[in-house]
Amino acid sequence: LTRLLGPLQALSNVRIDIMTALVSFDRVFEVLDLPSPIQEKPGAVALPASSSRLEFRDVHFSYPRAEDVSLASLEGLARTESRDNGEVLHGVSFVAEPGQMIALVGPSGAGKSTMTHLVARLYDVDSGAVLVGGEDVRDVQLESLEAVVGYVTQDAHMFHDTIRANLVYARPDAGEADVWKALEAAHVADLVRSLPDGLDTVVGDRGYRLSGGERQRLAIARLLLKAPAVVVLDEATAHLDSESEAAVQRALDSALEGRTSLVIAHRLSTVRNADQILVLEQGQVVERGTHTELIVAGGLYADLHRTQFLGAEREVATEGVTATG
Ligand code: ATP
């Protein structure tokens, strides 16, 4: 507990882990017996479940300093007002119309993950606004925002519990048929069927050891059960072999179909399919457009495409050759 009270990094990681599991934002603070620095404002409106337009309007953001967060929490302040001068996002704007996919690319530290955190309102902006379904996320009931935004991070977390329990966290009223439908769509049903205890197999820290790809596909099944209108996704590929990677990709395709998504892209197929690619550098959008437009423009994206995306694709191809001998 003491360890968690300290650095913001620790607090935010716990929060994101919990988010990944699609459990209440605030539960971690309940567990810590602290008021969450993110508070629901009196008279907050319920965001309709179908809200699917996503907008960043001139968003400026810097992470609150660790000591301010601990202090704010301990003193019961609604939120920390004090920010250091290390602004991480400097006026980011974009619109994702319902059903569109926005891909975020850019060098490490450019602010991609930070943008995904703001959609889920893990932090509040310094100025500007993040809008979901036309509503400023600071004006809506937290629970309704959670229901609208599904978040899958690279390192999908499973609780030490049965597969069934891990999945229905997202939708407690889900029946057996719904669960299997989600597992099928996430390309992980065969695995679950092959386990001696099926859906009742205990996974997590001390349970059945899932591979990275299996964990991710289960997280996607959980997302499909929840069926949020907006999906925020940090695409993970690095630690997957090519077979898992293909299965995860198919699972993601089902998860993103018909939903608005903001994806931190690591794969060529994602950037090619995106309705708009935002190229982020040092907290600013320096280029935007479709894959073809940006290749033609010959700027930073064209460089990244050569080094990162084509490189990743070659790696997968090589792994495939090795795997099949
Ligand atoms: P990567 O591709 O390496 O994941 P990114 O583009 O996602 O990078 P961010 O993780 O959003 O970049 O980081 C943007 C900046 O914000 C970096 O300078 C980073 O050090 C800083 N940062 C990220 N998380 C926190 C945090 N919890 N507290 C303080 N600063 C942070």
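Q: What makes β6 and β9 count as paired strands, and which way do they run?
A: This is a predicted model, and in it 4 bridges join β6 to β9. Pairing needs at least two bridges, so with 4 of them β6 and β9 qualify as a pair. Their sense is parallel. One spot to look at is V149, which stands opposite V230 in β9.

Q: How do you know where β6 sits in its sheet, at the edge or in the middle?
A: Start with the strand order, which is β6-β9-β10-β3-β11-β12 in an open sheet of 6 strands with mixed pairing. β6 (149–152) and β12 each have a single partner strand, so one side of each has no neighbour in the sheet, and both stand at the edges. From one strand to the next, the twist averages 20 degrees.

Q: Which helix packs on the sheet by touching β6 and β9, and what angle does its direction make with that of β6?
A: That's α10 (residues 212–226), and the angle is about 175 degrees. Angles here run from 0 to 180 degrees between N-to-C directions, so about 175 degrees makes α10 and β6 close to antiparallel.

Q: Which way do the residues of β6 point, and are they buried or exposed?
A: V149 and Y151 point one way, G150 and V152 the other, and all of them are buried.

Q: Why is α5 called largely enclosed?
A: Look at the count: 6 of the 8 residues of α5 (residues 112–119) are buried, so the rest of the structure largely encloses this helix. The buried ones are K112, T114, M115, T116, L118 and V119. α5 lies across β3 (101–105), β6, β9 (230–234), β10 (260–264) and β11, and its angle to β10 is about 150 degrees. Just after the helix, R121 takes a positive phi of about 50 degrees.

Q: How do you know that G133 is buried?
A: The cut-off is 20 or more other C-beta atoms within 10 Å. G133 has 22 such neighbours, so it counts as buried. G133 is in the loop between β4 (127–132) and β5 (135–136).

Q: Which residues does G133 touch, leaving aside those up to four places away in sequence?
A: Those are L47, P48, S51, S52 and R53. As for I38, which is 95 residues away along the chain, its C-alpha atom is 20 Å from that of G133.

Q: What makes β11 and β12 a pair, and in which sense do they run?
A: They share 5 bridges and the sense is antiparallel. With two bridges as the minimum, 5 is enough, so β11 (276–281) and β12 (284–289) count as paired. In this pairing I277 stands opposite G289, and L280 has V285 as its bridge partner.

Q: How many residues lie between β11 and β12 in the hairpin?
A: There are 2, and Q282 in the turn has a positive phi of about 45 degrees.

Q: Which residues have the most contacts inside the largest nonpolar core?
A: They are A103, L104, I220 and A221, in a core of 77 residues. α10 supplies the largest share, 7 residues. Outside a window of four places in sequence, A221 touches L167, A182, L183, A186 and V188. In soluble globular proteins, nonpolar side chains tend to be buried together.

Q: What share of the contacts between residues at least 6 apart joins residues at least 24 apart?
A: 77% of them do. For the chain overall, there are 14 helices and 12 strands, and 38% of the 325 residues count as buried.

Conventions. Residues are numbered from 1 along each chain as its sequence is written. This is a predicted model: local features need pLDDT of at least 70, side-chain atom pairs count only at pLDDT 80 or more; totals for chains, interfaces and linings use all residues. A residue is buried if 20 or more other C-beta atoms lie within 10 Å of its own, exposed if 12 or fewer, and partly exposed in between; C-beta atoms are placed from the backbone. Two residues are in contact if their C-beta atoms, placed from the backbone, lie within 7 Å. A nonpolar core is a set of buried Ala, Val, Leu, Ile, Met, Phe, Trp, Tyr and Cys residues joined through C-beta atoms within 7 Å.
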